[in-house]
Amino acid sequence: VKPQTEHPVDDFSIELTQTFIANYLDKPSFEWLYPSSQYVIPLQRLARLANWSHQSPLGLDISPTYGLWFAHRACFLTNADLEPCVEEARASPCDSCTTKDCMQACPAGAVSKADFSIKSCIGHRVKDNSGCANTCLSRRACPYFSEHQYTEEQMNYHYTAGFENTKAWYKSLKK
């Protein structure tokens, strides 16, 4: 199914957030911070401050509830009277992982305890028939909360939506 707009997930997230604001916040003033703004918002860092997630060896955040299968889709600034939404600190699922399946599954060797090598990851993804263009084998290998894994259709959408930009970025590094 071809999306009806250029950014259907962003559009859905904005619509859902606007509905929340209209129905629950009594018409406060607000400013979009993400998506669709000129700001660069460190969503992962904000989520970590709220104890919603932890950094994983994949460079993605991992949630103690959803594993690697979630995303921060909207952020706004408001003068509304909101209760803080900070979770009690919980350990990262990665801390108790003994098998490190994500590291073993990466054909590019981009995933390690020390850091995530975006250059190695993208370098492998852009190769013909790499097996990583439309998915992340390391992400799929993570045993934590795999019941929340995205469907094939979701994976294809998210991994192909910006792939041309990713290839262009990698190509610019080679110059």
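**Exercise 1. Enclosed space**

State how many cavities of 30 Å³ or more the count gives for this predicted model, and describe the lining of the largest cavity.

*Solution.* The count comes to one cavity of 30 Å³ or more. The next step is its volume, and about 110 Å³ of space lies in the largest cavity. Turning to the lining, 14 residues border the largest cavity, and those closest to its centre are Pro57, Cys94, Cys97, Cys102 and Cys142. Sorted by class, this lining is made up of 11 nonpolar residues, one polar residue and two charged residues.

**Exercise 2. A peptide bond**

Find which two residues are joined by a cis peptide bond, and then place Pro35 among the secondary structure elements.

*Solution.* The cis peptide bond joins Tyr34 and Pro35, with omega at about -10°. As for its place, Pro35 sits in the loop between strand E1 (30–34) and helix H2 (43–49).

**Exercise 3. Positive phi**

Give the phi values of Lys100 and Asn129, locate each residue, and decide whether Asn129 is buried or exposed.

*Solution.* Begin with Lys100, a residue other than glycine, whose phi is positive and near 50°; Lys100 is found in the loop that runs between strand E4 (75–78) and helix H3 (101–105). Asn129, which is not a glycine either, has a positive phi of about 55°, and Asn129 lies in the loop between helix H4 (118–125) and helix H5 (137–141). For the last step, the cut-off for exposed is over 50% relative accessible area; Asn129 has 79% relative accessibility and therefore counts as exposed.

Definitions and conventions
Residues numbered from 1 in each chain as written. Predicted model: local features only at pLDDT ≥ 70, side-chain atom pairs only at ≥ 80, totals over all residues. Heavy atoms only, no water. Helix = DSSP H or I, 4+ residues; strand = E, 2+ residues; numbered from the N terminus. Buried < 20%, exposed > 50% of the residue type's maximum accessible area, 1.4 Å probe, protein only. 1 Å grid on protein atoms, 1.4 Å probe; cavity = no way out; pocket = protein on both sides within 12 Å on 5 of 7 lines; lining within 4 Å. Points joined across faces, edges and corners; volume = space filled by probe spheres on them. Nonpolar A, V, L, I, M, F, W, Y, C, P; charged D, E, K, R; others polar.
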